[in-house]
Amino acid sequence: MLVTDDIQALSSAVSGPVALPDSPEFAAETFAFNAGTVHRPDVVLGAENAQDVATGVKWAAARRLPVAVQSTGHGANFAIDGGLLITTRRLQDLQIDPDKRTARVGAGVKWRSVLEASVPQGLIPLHGSSTDVGVVGYTLGGGLPVLGRAHGFAAEQVRSMELVTADGVSRRIDAETEAELFALMCGGKGNFGIVTALEFNLFPLGDFYGGAIFYPGADADSILAAFREWLPTLPDQASPSISLLRLPDMEFVPPPLRNQFVVHLRFAFPGNREDGDPLLAPMRAVSAPLMDTVGPMDYLDVDQIHMDPMDPLPYMEGGVLLKDFGEKAVAALLELAGQDSGCPLIMIEVRPLGGALAKGRALADAVSGRDAAFLLFLVGINAPPAAEASHASMRGILAAMAPHSTGSTLVNFHGEPGDEADRARAWSPAVYERMRAAKATYDPGNLLRFGHAITGVSSAT
Ligand SMILES: Cc1cc2nc3c(=O)[nH]c(=O)nc-3n(C[C@H](O)[C@H](O)[C@H](O)COP(=O)(O)OP(=O)(O)OC[C@H]3O[C@@H](n4cnc5c(N)ncnc54)[C@H](O)[C@@H]3O)c2cc1C
């Protein structure tokens, strides 16, 4: 049990705030973007700098307290109960090197800040569907970008990282220095340490063609059939995805779409209208769109492709990798999630993988999904009265899609982590075994045990 002296020892050794559950700052400091998740650590430290992170980890290790980390709380699909929570949102260093085409960011930086600094210099990072997400949490989970089929996973672009491992040691690692730890941090999530800074490659920004088409949900059958036939005609450069949306009557939803069941096609292509329009033409002809925003796009408007919510919401997630999205898979999905199914989920998304996402790099990193053809991702509201029905619907859809699944998932889309076997599904068996060995080396006391963390060899046997 923590006593006053313990808390004073931490408070006096760090620059950032330390809050206990009965402090007025506790709720704001632990707040997650996923507002359905309420964290209850024994103590929270708002790190001001990398030194605070190291001090916090050492302090917790000395007291055998588990340690968790949060930046934005977009990935808060589990509650942190007990231990020390270190928040990183104050770590806002951000440097762009236009000559080397790299960015170096502190652990609290969101993708929006990187874009605002890099786009004026003609460079873009491999962010995902929402630039409100944190760079580090996203990238450590592999990072499936909006332009994924063109450029691959974000974790492949990491050049180096600074982190504090569970033993409290601060390290700077890259493909040459502590190569196995570096490889496993790229896709292995926060299993071995808390990252304080990340350096990664940027890509030149040329023409960009992108946006969204919304169709009436009543046409979902024919739209999904057309989508399947259209995909093989696309070049790797084009990154489309599609979702069935049951949009709430909320402000972030454009008025014509509020309270509607719609199909949402997303399209991202590093090219101009001349090349983009013919690629998209078959999908423009398939049904009368309710809204079509696809065209040449200012890259700073890239959030308009997926139109993810920007304000905190209570949500639950679940995702699996699919080996196919053929006729039978589409029929199974529509039976449980189509127009008349009564499905309570707000989003059922299918992201085609392949292209550069299937290729990888020389480094044997921990990124999953290169062998899969699609990602199926489900989102429900995690608040009464929808929560119970959403859980049941999610379980039903995942079970019905099991024959089409590879059996694995991407850790960033896994949703609520279950037991060890369930958490292991986010990595291939070979990577999982390497991670268990590394966990035993860098975190033998299993300090970093929350959420998607796996168990090391020594404590599992
Ligand atoms: C609206 C929305 C859109 C999304 N779009 C995409 C997408 O297109 N592609 C994609 O791949 N993912 C996507 N995600 C998933 C997202 O990448 C993960 O939820 C990711 O974990 C969010 O990171 P965060 O730091 O913002 O969240 P947090 O909840 O703060 O962190 C989540 C987890 O990341 C790890 N972590 C965070 N910071 C550190 C650190 N400094 N050191 C070590 N570990 C750390 C920890 O395990 C932590 O529990 C999306 C999520 C949302 C809510």
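## Close-up views of a predicted model

**View 1. Methionine 307 and its positive phi.** Methionine 307 has a relative accessible area of 21%, so this residue counts as partly exposed: buried would need a value under 20%, and exposed one over 50%. Please keep in mind that the model shown in every view is predicted. Methionine 307 sits in the loop that links helix H10 (303-306) to strand S17 (315-322). Its phi is positive, about 55°, although methionine 307 is not a glycine. For context, most residues other than glycine have a negative phi.

**View 2. Lysine 189, beside the ligand.** Here we look at the loop between helix H7 (179-185) and strand S10, where lysine 189 lies. Lysine 189 is another non-glycine residue with a positive phi, in this case about 60°. Its relative accessibility is 22%, so lysine 189 counts as partly exposed. Lys189 is also listed among the closest residues to the ligand, together with Ser71, Thr72, Ser129 and Leu144.

**View 3. Polar contacts of the ligand.** Zooming in on the ligand, we find one of its oxygen atoms 2.5 Å from a side-chain N or O atom of threonine 72. An oxygen atom of the ligand also lies 2.8 Å from a backbone N or O atom of glycine 134. On the nitrogen side, a ligand nitrogen atom is 2.9 Å from a polar backbone atom of valine 195. The protein buries 93% of the 950 Å² that the ligand exposes when taken alone.

**View 4. The shell around the ligand.** In total, 31 residues surround the ligand. Sorted by class, the shell holds 13 nonpolar, 15 polar and 3 charged residues. With 4 residues, helix H5 gives the most to this shell.

**View 5. The buried side of helix H4.** Which residues of helix H4 (residues 111-118) are buried? They are Trp111, Val114, Leu115 and Ser118. These residues lie on the same side of H4, because they cover an arc of only 100° around the axis. The partners they pack against are strand S5 (94-97), strand S6 (102-106), strand S7 (123-124), H5 and S10. H5 therefore appears in two of our views, as it also gives 4 residues to the ligand shell.

**View 6. A cis peptide bond between two prolines.** Our last stop is the bond that joins proline 384 and proline 385, which is cis with an omega of about 5°. Most peptide bonds are trans. Proline 385 belongs to the loop between strand S19 (374-381) and helix H12 (387-400).

Key:
Residues numbered from 1 in each chain as written. Predicted model: local features only at pLDDT ≥ 70, side-chain atom pairs only at ≥ 80, totals over all residues. Heavy atoms only, no water. Near = heavy atom within 4 Å. Polar contact = N/O pair within 3.5 Å; in protein donor to acceptor, adjacent residues only side chain to side chain. Areas by Shrake-Rupley, 256 points an atom, 1.4 Å probe, with all protein chains shown as cover. Nonpolar A, V, L, I, M, F, W, Y, C, P; charged D, E, K, R; others polar. Buried < 20%, exposed > 50% of the residue type's maximum accessible area, 1.4 Å probe, protein only. Arc of directions from axis to C-beta. Contact = heavy atoms within 4.5 Å.
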